[in-house]
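Trainee: Could you take me through one part of this protein slowly, as if I were seeing a structure for the first time? I would like to know what packs against what.

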Amino acid sequence: MKVIKAVGRWTLRIGLGLALAAVIILGFFAVKGAVLYSDAMEENPMETTVELIRQREDFVLIDELPDYYINAVKAVEDRKFDTHCGINILSICRALWHDICTLSFEQGGSTITQQLAKNLFFTQEKKPERKFAEIYAAFALEKKYSKNEIFELYVNTIYFGSGYYGIAAASEGYCGKIPMELSEYECAMLAGLPNAPTAYSPDTSPELAEQRTKQVFKAVEDWAASVEG
């Protein structure tokens with residue numbers, strides 16, 4: 001009995017020690033992330049950066065996008081986009097657990113807002129401090145802009161493969177249409193590209209593009225069912 005109690009105490013101490021170490025490590029990277037975020041905002045002020053994007057001739061407003069495309073993007077990229085505050089805690093925790101188990105930074109649990117923040121202000125380098133900086137920027141974006149404005153900025157700046165940046169260029173380049181004229185199939189195809197634009201581009205891999213489009217259709221169906229339920 002004494003041995004069992006001793007083992008239990010040591011197990012508790014080890015657990016508390018590991019938890020404390022995790023808090024210290026996360027705090028360290030959170031501070032580094034705050035510095036990175038501050039430097040990024042000084043170099044590229046948020047309002048200035050956003051305004052430059054909006055001034056582009058091919059900037060597409062959300063009212064100029066098909067509803068199916070909007071729903072498809074949310075279904076495959078960020079199902080909680082309309083309700084979260086810029087981050088999805090559950091997704092971040094799942095991604096963090098995966099990264100710890102694999103000793104990598106493969107996943108980030110990024111929302112649409114976080115992806116926008118990363119693309120506008122930071123490099124694609126996978127470092128813990130960059131993830132924290134991205135989170136700070138996501139909070140700032142959510143505070144300054146509406147969900148529709150954030151969605152517009154996102155789809156107007158993401159890469160679709162084959163040299164196309166933004167939904168206007170991708171719609172014209174792949175389909176020969178303005179976004180509002182896209183069919184549901186074309187909407188699904190374009191919504192699926194940013195996850196892996198080079199791999200899924202119909203110009204380079206029609207078979208993978210077809211498979212990805214089917215995945216998007218299924219994601220939209222599942223998302224619609226969950227909303228209705």
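Mentor: Happily; we will begin with the whole chain and then look closely at helix 5 and its neighbours.

A word on the numbers before we start. This is a predicted model, in which local features need pLDDT of at least 70 and side-chain atom pairs count only at pLDDT 80 or more, while totals for chains, interfaces and linings use all residues. Residues are numbered from 1 along each chain as its sequence is written, and side-chain values use heavy atoms, with hydrogens and water left out.

The protein has eleven helices and zero strands; these are DSSP runs numbered from the N terminus, with helices being H or I of at least four residues and strands E of at least two. Of its 229 residues, 42% are buried, a word that stands for under 20% relative accessible area, with exposed meaning over 50% and partly exposed in between (1.4 Å probe, protein chains only). A contact here means heavy atoms within 4.5 Å. Among the contacts in the protein with a separation of 6 or more, 65% are between residues 24 or more positions apart.

Now to helix 5. The axes of helix 5 (residues 112–121) and helix 7 (residues 147–155) come within 10 Å and cross at roughly 50°. Such axes are lines fitted to C-alpha atoms, for helices over the stretch in contact, and angles run from 0 to 180 degrees between N-to-C directions. That angle makes helix 5 oblique to helix 7: under 35 degrees counts as roughly parallel, over 145 as roughly antiparallel, 65 to 115 as roughly perpendicular, and the rest as oblique. Helix 5 contributes Ile112, Thr113, Gln115 and Leu116 to this contact, and helix 7 contributes Ile150, Phe151, Leu153 and Tyr154. Sorted by class, the contact of helix 5 with helix 7 has six nonpolar, two polar and no charged residues. For these classes, Ala, Val, Leu, Ile, Met, Phe, Trp, Tyr, Cys and Pro count as nonpolar, Asp, Glu, Lys and Arg as charged, and the others, Gly among them, as polar.

Helix 5 also packs with helix 6, at an angle of about 110° and with their axes 8 Å apart, so helix 5 and helix 6 are roughly perpendicular to each other. On the helix 5 side, the contact is made by Thr113, Gln114, Leu116, Ala117 and Lys118. Helix 6 brings Arg130, Lys131, Glu134, Ile135, Ala137, Ala138, Leu141 and Glu142. The residues of this contact between helix 5 and helix 6 divide into six nonpolar, two polar and five charged.

Let us stop at one residue there, Arg130, which lies in helix 6 (residues 128–144). Arg130 counts as buried because its relative accessibility is 8%. The side chains of Arg130 and Glu134 are joined by a polar contact of 2.6 Å. A polar contact is a pair of N or O atoms within 3.5 Å; within protein, one must be able to donate a hydrogen and the other to accept it, and residues adjacent in sequence count only if both atoms are side-chain atoms. Not counting residues up to four places away in sequence, Arg130 touches Leu36, Lys118, Phe122, Thr123, Gln124 and Glu125. Lys118 is also one of the helix 5 residues in the contact with helix 6.
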